[in-house]
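Thanks, everyone. I will go through one structure this morning, starting with a sheet and ending with some aromatic rings.

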Amino acid sequence: MNLATHYTCDDCHATFSLDKPALLCEACGGLLEIGYDLGSADPRRIADRAAARRDLGLWRWSDLLPLPRGAEPLHLGEGDTPLMPTRRLGRHVGLPHLLIKNDTLMPTGSFKDRGFSVAVGFARALDVKQAFTYSSGNAGASFAAYAARAGIEATVLVEDVANESKIAAISLTGARVLRLRYRSSLEIFAGVSALSEAGFYCFVNFINPVRHEGMKTYAYEICEALGWRAPDVMVHPVGTGGGLYGAWKGFRELRALGLIDRLPKMVGVQPAASAPLVRAFAEGKTVAGRHGDANKTVAQSIAGDAPIQGGSRVLRAVYESGGRVVAVDDNDLFEAMRLLGEEGVSAEPSAAASTAALLRARAQGWVSESDTVVSVVTGGALKQPSALAQAARPPAGTVQADPAELLRIFREGLV
């Protein structure tokens, strides 16, 4: 059973068939959303089918994903990442019910695999042969891997400051890489929009209407793990915001199906040096303009001075849920990386942003001690080795590899 029925435009509300690949609205250029016939669904059957097919990872939720009937899922092992209780971190930030959703364990090491598994699988089913995306690194590596598996010729546009480790991960799977020089994120979005309008198939968040569909599986996995209960708060790093918006769509679908009875507050996190959504939220606006300098933060994966389409979808999710968008500085990111490390979770700076936001959340008043809070960790520390070296504690020292010396040091408690 597949409940996906059509595309709908956010702006003019025109509808289009799902039987062909589509990007922006043909009528007005607005963003497209995929609609579902939830009214005809049997919620308990969906939940039971998903529980019985855990070997399929996120594809066990295929009833609620837009894969054409009879098409084979594009599966590399993504989904069903751990929802972990914290040992020390929750006590440290005053949240005893804090949980970590550890998406560093995805096939390419980041949460981007959720979106690309679904979006590239959908494109393969509709016979897309060539495509491109833009990325600071993680999305590019994920797209390249899934495109290679699907037999789609891939081109990845990367920021000129993207680190070499991420570029190598993209190239490893055969994608072409093109660096971009730019003064503002607005130039990048204008470029990818022009390519899309010219007929080049694009996988950039929101311009592509399928990518955030994979992010819905956050909501399904979390609520299932909590006994079909939504958390009180979900905190997610935000660059373009596909993860946060997709999860919000998933939570709303679960409530519409009657599988949960309430919705969480959605909290997005940006680096203080480059936080256009934070400023828009503080001013009560529904569209964000250009703000900040993406080169002045270590959080490369979520740094940008302007969001796609003004971040309207992300801000809508935040307002509708009663959530917020908050900013963190680099010192908080490094502290969060160390705190996550003590929980056994290795995170790059951007991935630690959700945890960094919680360092002062109680004092700022947007969470309470009784809240069940899910902090999403989106990418592994080895995505950005130089930042890992900055955050890590230095070695205890160097000693001679001598049994007597080692025994003395350990007995005297010097390590």
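**Sheet, cores and ring pairs**

Let me start in the sheet, with two neighbouring strands. Strand 5, residues 98-102, runs parallel to strand 12, residues 373-377, and the two are joined over five bridges. Within that pairing, L99 sits opposite V374 of strand 12. Before going on, please keep in mind that this is a predicted model.

Now the sheet as a whole. It is open, has six strands in the order 4-5-12-9-10-11, and its pairing is mixed. At the edges are strand 4 (83-85) and strand 11 (324-328), each of which pairs on one side only. From one strand to the next, the twist averages 25 degrees. Helix 8, residues 242-257, packs on this sheet and touches strand 9 (233-237) and strand 10 (265-271). The direction of helix 8 makes about 175 degrees with that of strand 10.

Next, the nonpolar cores. The largest has 100 residues, and the ones touching the most other members are V120, F143, F203 and F251. What does V120 touch, leaving out residues up to four places away in sequence? Its contacts are L74, F143, Y146, A147, A150, I152 and F203. Another core, of 36 residues, lies apart from the largest one; V326, L339, A353 and A357 are among its members.

That brings me to the aromatic rings. Searching the whole structure gives nine aromatic pairs, and I will show two of them.

One is W61 with Y220. Their ring centres are 5.2 Å apart and the planes are at 45 degrees, so this pair counts as tilted. W61 is in the loop between helix 1 (43-52) and strand 4, while Y220 is in helix 7, residues 211-225, so the pair links parts of the chain 159 residues apart. Are these two buried or exposed? W61 is buried, at a relative accessible area of 2%, and Y220 is buried as well, at 0%.

The other is F116 with F203. Here the centres are 6.2 Å apart and the planes are at 50 degrees, so this pair is also tilted. F116 belongs to helix 3, residues 112-125, and F203 to the loop between helix 6 (185-197) and helix 7, with their positions 87 residues apart in the chain. F116 has 0% relative accessibility and counts as buried; F203, also at 0%, is buried too.

Last, F116 and F203 belong to one aromatic cluster together with F143 and Y201. F143 and F203 also came up earlier, among the core residues that touch the most other members.

How values were computed. Residues numbered from 1 in each chain as written. Predicted model: local features only at pLDDT ≥ 70, side-chain atom pairs only at ≥ 80, totals over all residues. Heavy atoms only, no water. Pairing = 2+ DSSP bridges. Helix = DSSP H or I, 4+ residues; strand = E, 2+ residues; numbered from the N terminus. Axes fitted to C-alpha atoms, helices over the stretch in contact; angles between N-to-C directions. Contact = heavy atoms within 4.5 Å. Core = buried A, V, L, I, M, F, W, Y, C linked by side-chain atoms within 4.5 Å. Buried < 20%, exposed > 50% of the residue type's maximum accessible area, 1.4 Å probe, protein only. Phe/Tyr/Trp six-rings, centres within 6.5 Å; stacked < 30°, edge-to-face > 60°.
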